[in-house]
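Here is a short tour of one structure, with the strands and the cysteines as its two stops. Have the model open beside you as you read.

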Amino acid sequence: PHFKSWSGKWFDYMGQCDLKFIEAPKFDGQQDLNINIRTKLIWDYSFVEAAAIQIGEDVLEVGGYGDYALNGVDSAAGHNQVGTLGGYAVFHNELNKKKNTYDIVLAPNENITLASYKSLVSVQINVEHPEKYFGYSKGIIGSFNGDMLSRSGEVMDPEADEVAFGQEWQITDEEAMIFRSARAPQYPAECEMANKGASAQRRLGESIAEEAAHKACAHKTGAQFNNCVYDVMAIGDLELASSGVY
């Protein structure tokens with residue numbers, strides 16, 4: 001997965017486990033917000049295969065191909081409001097069989113979106129004044145002031161040691177399991193890391209040439225362009241470049 005910190009810095013974490021994406025106490029002045037993500041390893045990379053967001057006592061879980069559950073109840077896909085999360089309306093939009101979005105509407109033109117493209121899931125926060133909701137948040141995307149911190153508050157560098165930083169934010173046995181079911185590894189077992197040596201073996205079967213990936217990702221810039229090219233080549237899917245999961 002490609003993570004963007006609150007300060008705008010991009011970094012990767014190629015491991016498999018459940019991770020704390022954001023924990024925001026009293027994010028709306030009353031209710032706590034938690035977003036956990038579940039990553040999965042494939043060859044020498046990993047991706048987010050599911051995300052769960054809890055506001056107050058309500059939990060929405062989204063998986064690949066638009067699968068979702070609200071408060072543990074599976075629901076059918078549709079182009080309508082699927083319910084509420086902590087009092088906030090949740091709207092599902094099935095763009096096609098591959099693309100789905102779930103928008104938790106916080107205010108007009110402000111929402112948290114859980115999107116899926118095939119088996120890939122992403123979390124996107126679109127608010128005008130994020131400090132209003134996330135000023136005291138913590139998690140794998142860092143503190144709101146831009147510091148990348150360990151759970152104990154020590155400054156870390158995810159680019160220098162992505163393994164140690166990611167491990168810091170694995171969901172522990174002292175935290176609530178907001179996914180419907182557990183999947184290995186679970187704490188105290190550590191996150192499983194990608195096998196970097198598998199890249200050569202994987203590339204033997206790559207069907208997407210770098211030139212084609214560059215063309216498909218031409219609408220991206222900076223770190224997003226590089227992330228897009230890597231993913232398109234790794235997964236072998238040109239459509240991914242315009243999927244909306246970035």
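A disulfide here is a pair of cysteine sulfur atoms within 2.5 Å. The model you see is a predicted one, and a search of the whole structure finds two such links.

**The disulfides**

Let us start with the link of cysteine 217 and cysteine 228, which is left-handed, with -75° about the S-S bond. Cysteine 217 sits in the loop between α4 (210-216) and α5 (222-235), while cysteine 228 belongs to helix α5, so the pair ties together parts that are eleven residues apart in sequence. Both of these cysteines, 217 and 228, are buried.

The other link, between cysteine 17 and cysteine 191, is right-handed, with 75° about the S-S bond. This pair links distant parts of the chain, 174 residues apart: cysteine 17 is in the loop between β3 (15-16) and β4 (18-24), and cysteine 191 is in the loop between α2 (162-168) and β15 (192-193).

Are cysteine 17 and cysteine 191 buried or exposed? The cut-off for buried is under 20% relative accessible area. Cysteine 17 has 0% relative accessibility, so it counts as buried. Cysteine 191 has 7%, so it counts as buried as well.

Here are the two links side by side:

| Disulfide | Sulfur-sulfur distance | Angle about the S-S bond |
|---|---|---|
| cysteine 17 and cysteine 191 | 2.1 Å | 75° |
| cysteine 217 and cysteine 228 | 2.1 Å | -75° |

If you number the bonded cysteines of the chain in sequence order, the pairing reads 1-2, 3-4.

**Strand β7 and its partners**

Now for the second stop. Why is strand β7 (residues 58-63) largely enclosed by the rest of the structure? Five of its six residues are buried, so the rest of the structure largely encloses it.

Strand β7 pairs with strand β6 (residues 45-55) in the antiparallel sense, over six bridges. Strand β8 (residues 68-70) also runs antiparallel to β7, and three bridges join them. Glutamate 61 is a handy place to look at both pairings: alanine 52 stands opposite glutamate 61 of β7, and in β8 the bridge partner of glutamate 61 is alanine 69.

The turns are worth a look too. β6 and β7 form a hairpin with two residues between them, and glycine 56 in that turn has a positive phi of about 65°. The hairpin of β7 and β8 has four residues between the strands, and there tyrosine 65 takes a positive phi near 55°.

Note on methods. Residues numbered from 1 in each chain as written. Predicted model: local features only at pLDDT ≥ 70, side-chain atom pairs only at ≥ 80, totals over all residues. Heavy atoms only, no water. Buried < 20%, exposed > 50% of the residue type's maximum accessible area, 1.4 Å probe, protein only. Pairing = 2+ DSSP bridges.
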